[in-house]
Amino acid sequence: GINASLPTTNNLKHIELWLIFSMLLPFVEILIQTYIEWQLNKAKRTKGNSDNRDFANIEQLENSTKEKPSNKKVKAAKYILHGVKPVIVIIFIAVFWVIGLNEKYSHTCLVDHTS
């Protein structure tokens, strides 16, 4: 068939890069969302345990409601998901197209049109 007549290459093609990147994106998003949910559930369990205690004074109550490290971790994960990931996607798409178009036009410029 057609595949038999094509030359064999070990090089990674642009479409393969695109497919790998496209498959990694949802996988990373699911990992980050799972981490966020895990942290939130962990914080709820911890808060549920602390609500059952009797507080001797107001200072203990205020200390128990302060922001826990897990909230900082959730904020960082959300920042990665909503801030960093879109920037990475835009940079990847821009570099992908610049390199692809550059290769396309550099090959057409090498063709000798004088003959």
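1. Is W38 buried, partly exposed or exposed? With a relative accessible area of 45%, W38 is partly exposed. This value, like every other in this note, comes from a predicted model.

2. The confidence of the prediction should be considered before any detail is read. The mean pLDDT of the protein is 79, and 73% of the residues reach 70 or more. Among the elements of the protein, α4 has the highest mean pLDDT, at 89, whereas helix α3 (residues 58-64) has the lowest, at 50. Where pLDDT is low, the predicted coordinates should not be read in detail.

3. The aromatic contacts come next. Six aromatic pairs are found when the whole structure is searched. One of them joins Y35 and W38: the ring centres are 6.1 Å apart and the planes meet at 40 degrees, so this pair is tilted. An angle of 40 degrees is neither under 30 degrees, as stacking requires, nor over 60, as an edge-to-face pair requires.

4. The positions of Y35 and W38 in the sequence deserve attention. Both residues belong to helix α2 (residues 14-51), where they are three residues apart, and about one helical turn therefore separates them. Y35 is partly exposed, with a relative accessibility of 32%, and W38 is likewise partly exposed, at 45%.

5. A second ring pair is formed by F96 and W97. Their ring centres lie 6.0 Å apart and their planes are at 85 degrees, so the pair is edge-to-face. F96 is buried, with a relative accessible area of 15%, whereas W97 is partly exposed, at 49%. For W97, the value falls in the partly exposed class because only an area over 50% counts as exposed.

6. F96 and W97 also take part in a wider arrangement. Ring pairs connect these two residues with W18, F21 and F92 in a cluster.

7. How many salt bridges does the structure hold? The structure holds one salt bridge. Its partners are K85 and E29, and the closest N and O atoms are 2.7 Å apart. K85 is located in helix α4 (residues 69-109) and E29 in helix α2, so the salt bridge ties together parts that are 56 residues apart in sequence.

8. The surroundings of this salt bridge can also be described. K85 is partly exposed, with a relative accessible area of 22%. E29 is partly exposed as well, with a relative accessible area of 29%.

Conventions:
Residues are numbered from 1 along each chain as its sequence is written. This is a predicted model: local features need pLDDT of at least 70, side-chain atom pairs count only at pLDDT 80 or more; totals for chains, interfaces and linings use all residues. Side-chain values use heavy atoms; hydrogens and water are left out. Rings of Phe, Tyr and Trp (its six-membered ring) pair if their centres lie within 6.5 Å; planes under 30 degrees apart count as stacked, over 60 as edge-to-face and the rest as tilted. Helices (H or I, at least four residues) and strands (E, at least two) are DSSP runs, numbered from the N terminus. Buried means under 20% relative accessible area, exposed over 50%, partly exposed in between (1.4 Å probe, protein chains only). A salt bridge is a side-chain nitrogen of Lys or Arg within 4 Å of a carboxyl oxygen of Asp or Glu. pLDDT is the predictor's confidence in each residue, from 0 to 100.
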